[in-house]
Amino acid sequence: MKIIKYKFALLIFIFFNFFEAFAQNDSVKIQQLLDKTTSMEISNPEEAIKQYRKTFDLSIKSKWHKGAFKSMQNIGFVHSDNGRYDSAITYYQKALPFAQKANYTRGIGTTYINMGNSFQFKGDYEKAIHLYLKGTPILESIKDSIVISNCYQNLSALYANIKNLKLQEFYGKKALQHAKSTDTESKCLIYCDFALFYIRQN
């Protein structure tokens, strides 16, 4: 009986390891298709959306939540890049639950930031601020300095648009604080924003 139990346990072990390897292989293939589709977002956005819907269906079928998240998020990016901000927000909202299911902290944080960005482009600054401030602490918890810095830059620009110079300066300084020393381009943009800020002050 002990031998039979051992063999049964071994079969279960083999089955679950095979299933895990199969699932991992699926996720690799889906990621490759996601990467391939990214290159056509600008040249052929509608085809890119079709391909992302395919990667979404494949991700759902293989129960790869992160793949489903990326697919919906990327469709949101395509809509945003083409000025369709309401559609972008819709797909970011669809993406969020999959990031949560995958325990993908960066994905959760950046989704709030992306939604905020779309609301900012729409001119709905109140919602944009709410979403930026919701996403930023999540990203700070994983020390994602580049995205945090970009978010604070967006907040600084937003407050510049509504003539709140105090908060414009405050978030500009926070953006500079989080910008990596190696990220010369971002730091240059922040300094340019500060230059414009102080010119307007005078």
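This passage describes the helices of a predicted model, three of their packing contacts and two buried residues.

The model is predicted, with local features requiring pLDDT of at least 70 and side-chain atom pairs counted only at pLDDT 80 or more, whereas totals for chains, interfaces and linings use all residues. Residues are numbered from 1 along each chain as its sequence is written, and side-chain values use heavy atoms, with hydrogens and water left out.

The protein contains 9 helices and 0 strands, where helices (H or I, at least four residues) and strands (E, at least two) are DSSP runs numbered from the N terminus. Along the sequence the pattern reads α-α-α-α-α-α-α-α-α. Of the 202 residues, 40% count as buried (buried means under 20% relative accessible area, exposed over 50%, partly exposed in between, with a 1.4 Å probe and protein chains only). Among contacts (heavy atoms within 4.5 Å) with a separation of 6 or more, 52% join residues 24 or more positions apart.

Helix α3 (residues 65-81) and helix α4 (residues 85-101) have axes that come within 8 Å and cross at roughly 165 degrees. Axes here are lines fitted to C-alpha atoms, for helices over the stretch in contact, and angles run from 0 to 180 degrees between N-to-C directions. The pair α3 and α4 is therefore roughly antiparallel; angles under 35 degrees count as roughly parallel, over 145 as roughly antiparallel, 65 to 115 as roughly perpendicular and the rest as oblique. The crossing of α3 and α4 is left-handed, a term used if the near helix is turned anticlockwise from the far one by less than a right angle, with clockwise being right-handed. Residues of α3 in the contact include Phe69, Met72 and Phe77, and those of α4 include Tyr91, Ala95 and Phe98. By class, the contact of α3 with α4 has 12 nonpolar, 6 polar and 2 charged residues (Ala, Val, Leu, Ile, Met, Phe, Trp, Tyr, Cys and Pro count as nonpolar, Asp, Glu, Lys and Arg as charged, and the others, Gly among them, as polar).

Helix α7 (residues 145-161) packs against helix α6 (residues 125-141) at about 160 degrees, with the axes 10 Å apart. The two helices α6 and α7 are therefore roughly antiparallel, and their crossing is left-handed. Among the residues in contact are Tyr125, Ile129 and Tyr132 of α6 and Val147, Cys151 and Leu158 of α7. This contact comprises 13 nonpolar, 3 polar and 1 charged residues.

The axes of α7 and helix α5 (residues 105-122) come within 11 Å and cross at roughly 20 degrees, so α5 and α7 are roughly parallel. This crossing, too, is left-handed. Arg106, Thr110, Ile113, Asn117 and Gln120 of α5 meet Val147, Cys151, Asn154, Ala157 and Leu158 of α7. The classes in the contact of α5 with α7 are 5 nonpolar, 4 polar and 1 charged.

Ser71 lies in α3 and counts as buried because its relative accessibility is 0%. Leaving aside neighbours within four places in sequence, Ser71 contacts Leu34, Tyr52, Thr55, Phe56 and Ser59. A polar atom of the Ser71 side chain lies 3.3 Å from the backbone nitrogen of Phe56. Ser71 and Ala95 are 24 residues apart in sequence, with a C-alpha to C-alpha distance of 7.7 Å.

Thr37 belongs to helix α1 (residues 2-38) and is buried, with a relative accessible area of 1%. Beyond four places in sequence, Thr37 is in contact with Ala48, Gln51 and Tyr52.

Conventions:
Polar contact = N/O pair within 3.5 Å; in protein donor to acceptor, adjacent residues only side chain to side chain.
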